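I opened this notebook to record, one look-up at a time, what can be read from the atoms of a single chain. My plan is to begin with charged side chains and then go on to rings, surface and helices.

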Amino acid sequence: MEQYPTALRYLVRLLLAFAIVAALVLMDQLLVPLFLSILFAYLLFPAAQRIEESGIPRIVTNFMLIVSLFVFISGLAYGIGLLVTMFTDDLPAIKEQVDTNITRFRWALGRMFGVTAAQLDATVESIRGSGQYIATFFTGTANTVLTIGLLPVYTFLLLFYRDKFRTFVSMLVPNEREEITQIIIDQAAEVVPKYLKGLLIVCILLVGLNSLGFYLIGVQYALLMGLIAAIFNLIPYLGTVIGYGIAFLFVLATQTPTLALAVVIQFFVIQFIENNILTPNITGSYVQINPLVIILSLIAGGMIWGLAGMFMVIPYLAMFKIVCENID
């Protein structure tokens, strides 16, 4: 390859990168459940290892853990469904309040800044267009959920055959690289589960903190808004802003600007608690990656696999970092 011109070498590498991205996009129905299952397998691996050491067969251990995990996830989904049902039952009243608030904003903006009704209508239409884009974004992610039934099967098989996967990887690498390969596998098996576990604990704590804060300042559907903000917090940096942005727009449209301002103040308070107390003490420093790299990776993950890609990209970035730290 060195005998070819530099421009040609970089062109080949660029085309290879485009081919990889195209393959990831085209095969998302297959790869998204598989990559999610790998993360679930990593999350359950420490518990599976401890239970197996107590003498319980691997097949029984894996079955117990996976059933427990997906019962918990199903219960969480059912609870969210109940909250969403309560919300949709009140949609007529919410829509009426939104229309009333838009009329008030139109009058206030016209009085203070000279904004005409036509200008405001154009802004509202652009917001609706953004809403349609967001709906399309979530619909694309919802299509991935259709393959949710494959997650327990993939996770079970990955945990059950984990020794065979380790042996297979050892057979792929040259003999002089085998020791480094085993070190990479061991480090990934230690770092990734700790990071995922810490992230889930922080998310659960934030559900309580967000919901309590919204309830105290008087936000309607405080638990639902707190849950949305906490779930989006699984996406570093951007997720918290998105979650609280949804809550801010909802409160601004259905309640009062003063209460929306209180939501912004709560955002900074929760951010301070999370960044200085929760995250350092729970997730620790398992994944030390430059913030710019994280943000760019989140955008790339969202472009390739939507919301699922944004949730998954950081653990896989951590694995890639472990590889780079062990190979020159």
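**Entry 1: a charged pair within one helix.** I began with Glu-190 and Lys-194, whose side chains meet in a salt bridge with 3.4 Å from N to O. I noted that the model is a predicted one, and I keep that in mind for every value below. Both residues lie in helix α8, four residues apart, which is about one turn of the helix. I then looked up how covered they are: Glu-190 has a relative accessibility of 45% and counts as partly exposed, and Lys-194, at 38%, is partly exposed as well. As a general reminder to myself, side chains of opposite charge can pair when their charged atoms come close.

**Entry 2: the other salt bridges.** How many salt bridges does the structure hold? The search gives six. I followed Arg-58, which forms a salt bridge with Asp-163, the closest N and O atoms being 3.2 Å apart. This pair links distant parts of the chain, since Arg-58 is in helix α3 (residues 58–89) and Asp-163 in helix α7 (residues 162–172), 105 residues apart. Arg-58 also meets the side chain of Glu-52 in a salt bridge of 3.3 Å, N to O. I found that Glu-52, Arg-58, Arg-162 and Asp-163 are linked in a network of salt bridges. Within this network, Arg-58 is partly exposed at 21% relative accessibility, and Asp-163 is partly exposed at 43%.

**Entry 3: rings that meet.** I searched the whole structure for aromatic pairs and noted nine. One of them is formed by Phe-35 and Trp-305, which are edge-to-face, with 5.4 Å centre to centre and 70° between the planes. Phe-35 lies in helix α2 (residues 28–53) and Trp-305 in helix α12 (residues 291–326), so this pair ties together parts that are 270 residues apart in sequence. Is Trp-305 buried or exposed? Trp-305 has a relative accessible area of 14%, which is under the 20% limit, so I wrote it down as buried. Phe-35, at 24%, is partly exposed.

I then turned to Tyr-221 and Phe-250, whose ring centres are 6.1 Å apart with the planes at 70°, so this pair is edge-to-face. Tyr-221 sits in the loop between α8 (178–217) and α9 (222–232), while Phe-250 is in helix α10 (residues 238–254), so the pair joins parts 29 residues apart in sequence. Phe-250 is buried, at 11% relative accessibility. I also recorded one aromatic cluster, made of Phe-214, Tyr-244, Phe-267 and Phe-268.

**Entry 4: the start of the chain.** I noted that Arg-13 lies over the face of Tyr-10, at 5.3 Å from the ring centre. A nonpolar surface patch of about 440 Å² is made by Tyr-4, Leu-8, Leu-11, Val-12 and Leu-15. Leu-11 lies in helix α1 (residues 6–26) and is partly exposed, at 42% relative accessibility.

**Entry 5: two helices.** I checked the length of α8, which has 40 residues and reaches 58 Å from its first C-alpha to its last, close to the 58 Å expected at 1.5 Å a residue. After α8 comes Gly-218, whose phi is positive, near 100°. I closed with α9, which is mostly covered, with eight of its 11 residues buried; among them are Leu-224, Met-225 and Phe-232.

Note on methods
Residues numbered from 1 in each chain as written. Predicted model: local features only at pLDDT ≥ 70, side-chain atom pairs only at ≥ 80, totals over all residues. Heavy atoms only, no water. Phe/Tyr/Trp six-rings, centres within 6.5 Å; stacked < 30°, edge-to-face > 60°. Helix = DSSP H or I, 4+ residues; strand = E, 2+ residues; numbered from the N terminus. Buried < 20%, exposed > 50% of the residue type's maximum accessible area, 1.4 Å probe, protein only. Lys NZ or Arg CZ within 6 Å of the ring centre and 35° of its normal. Patch = residues over 30% accessible without salt bridge, like charges linked within 9 Å, V, L, I, M, F, W, Y side chains within 5 Å. Areas by Shrake-Rupley, 256 points an atom, 1.4 Å probe, with all protein chains shown as cover. Salt bridge = Lys/Arg side-chain N within 4 Å of Asp/Glu carboxyl O. Expected span 1.5 Å × (residues − 1).
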